[in-house]
Amino acid sequence: MTVEIEVDRHDDHLVVRWRSGRGAGSARFDHLPGTVPEWIGSADDLLDGATRRDEGQVLETLTAWAADAGVVIGVWQDDAGVEILR
């Protein structure tokens, strides 16, 4: 199954929505101008509703979108800090 994402981009945040045949979810990524990453959101929020199989695909699909859009996205993970998606 393929994971599809939709990103609504605003000046101060992104709303990322994803879906697959097994689940769906969404998360808000806040804009932090002048920092790396410039957009940061919670992995728990983003991956809520994802199967283990979907988790990697959600992150890969979001990474591809970020590369195409020319933005740097970070995903906050409790106990692990921020993972920059590249």
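**Salt bridges, an acidic patch and a cis proline in a predicted model**

At 27% relative accessibility, Val-72 counts as partly exposed, and I begin with this residue, which sits in the loop between α2 (52-69) and β5. In space, Val-72 lies 22 Å from Asp-48, taken from C-alpha to C-alpha, while 24 residues separate the two in sequence.

Before going further, I should say that what you see is a predicted model. The chain has a mean pLDDT of 95, with 99% of its residues at 70 or more. Confidence is highest in strand β2, residues 13-19, where the mean is 98, and lowest in strand β6, residues 81-85, where the mean is 93.

Let me turn to the salt bridges, of which a search of the whole structure finds five. Glu-4 pairs with Arg-19, with 3.4 Å between the closest N and O atoms. Because Glu-4 belongs to strand β1 (residues 4-9) and Arg-19 to strand β2, this pair ties together parts that are 15 residues apart in sequence. Both partners are partly exposed, Glu-4 with a relative accessible area of 43% and Arg-19 at 41%.

A second bridge is formed by Glu-6 and Arg-17, whose closest N and O atoms are 4.0 Å apart. Here again the residues come from strand β1 and strand β2, Glu-6 from the former and Arg-17 from the latter, so the pair ties together parts that are eleven residues apart in sequence. Glu-6 is partly exposed, at a relative accessible area of 37%, and Arg-17 is likewise partly exposed, at 36%. These two residues also take part in a network of salt bridges that links Glu-6, Asp-8 and Arg-17.

Which residue meets the side chain of Asp-54 in a salt bridge? The partner is Arg-22, at 2.6 Å from N to O. Asp-54 lies in helix α2 and Arg-22 in the loop between β2 and β3, so this pair ties together parts that are 32 residues apart in sequence. Asp-54 is buried, with a relative accessible area of 0%, whereas Arg-22, at 30% relative accessibility, counts as partly exposed.

I move now to the surface, where a patch of negative charge is made up of Asp-44, Asp-45, Asp-48, Asp-78 and Asp-79. Of these, Asp-48 is the residue I mentioned at the start in relation to Val-72. Asp-78 is in the loop between β5 (73-77) and β6, and its relative accessible area of 49% makes it partly exposed, because a residue has to be over 50% to count as exposed. Asp-79 is also found in the loop between β5 and β6, and with a relative accessible area of 87% it is exposed. The backbone of Asp-79 deserves a remark too, since phi is near 70 degrees, a positive value in a residue other than glycine.

Strand β6 contains Val-82, which is partly exposed with a relative accessible area of 36%. The C-alpha atoms of Val-82 and Gly-34 are separated by 16 Å, and the two residues are 48 apart along the chain.

One last backbone feature remains, and it concerns a proline. Where is Pro-37 in the fold? Pro-37 lies in the loop between β3 (24-31) and β4 (39-42), and the peptide bond that joins Val-36 to Pro-37 is cis, with omega at about 5 degrees.

How values were computed: Residues are numbered from 1 along each chain as its sequence is written. This is a predicted model: local features need pLDDT of at least 70, side-chain atom pairs count only at pLDDT 80 or more; totals for chains, interfaces and linings use all residues. Side-chain values use heavy atoms; hydrogens and water are left out. pLDDT is the predictor's confidence in each residue, from 0 to 100. Helices (H or I, at least four residues) and strands (E, at least two) are DSSP runs, numbered from the N terminus. Patches are made of residues with over 30% relative accessible area and no salt bridge: like charges are joined within 9 Å, nonpolar side chains (Val, Leu, Ile, Met, Phe, Trp, Tyr) within 5 Å. Accessible areas come from the Shrake-Rupley method with a 1.4 Å probe; for residues, only the protein chains shown count as cover. Lys and Arg count as positive and Asp and Glu as negative; His and the chain ends are not counted. The place of a charge is taken as NZ of Lys, CZ of Arg, CG of Asp or CD of Glu. Buried means under 20% relative accessible area, exposed over 50%, partly exposed in between (1.4 Å probe, protein chains only).
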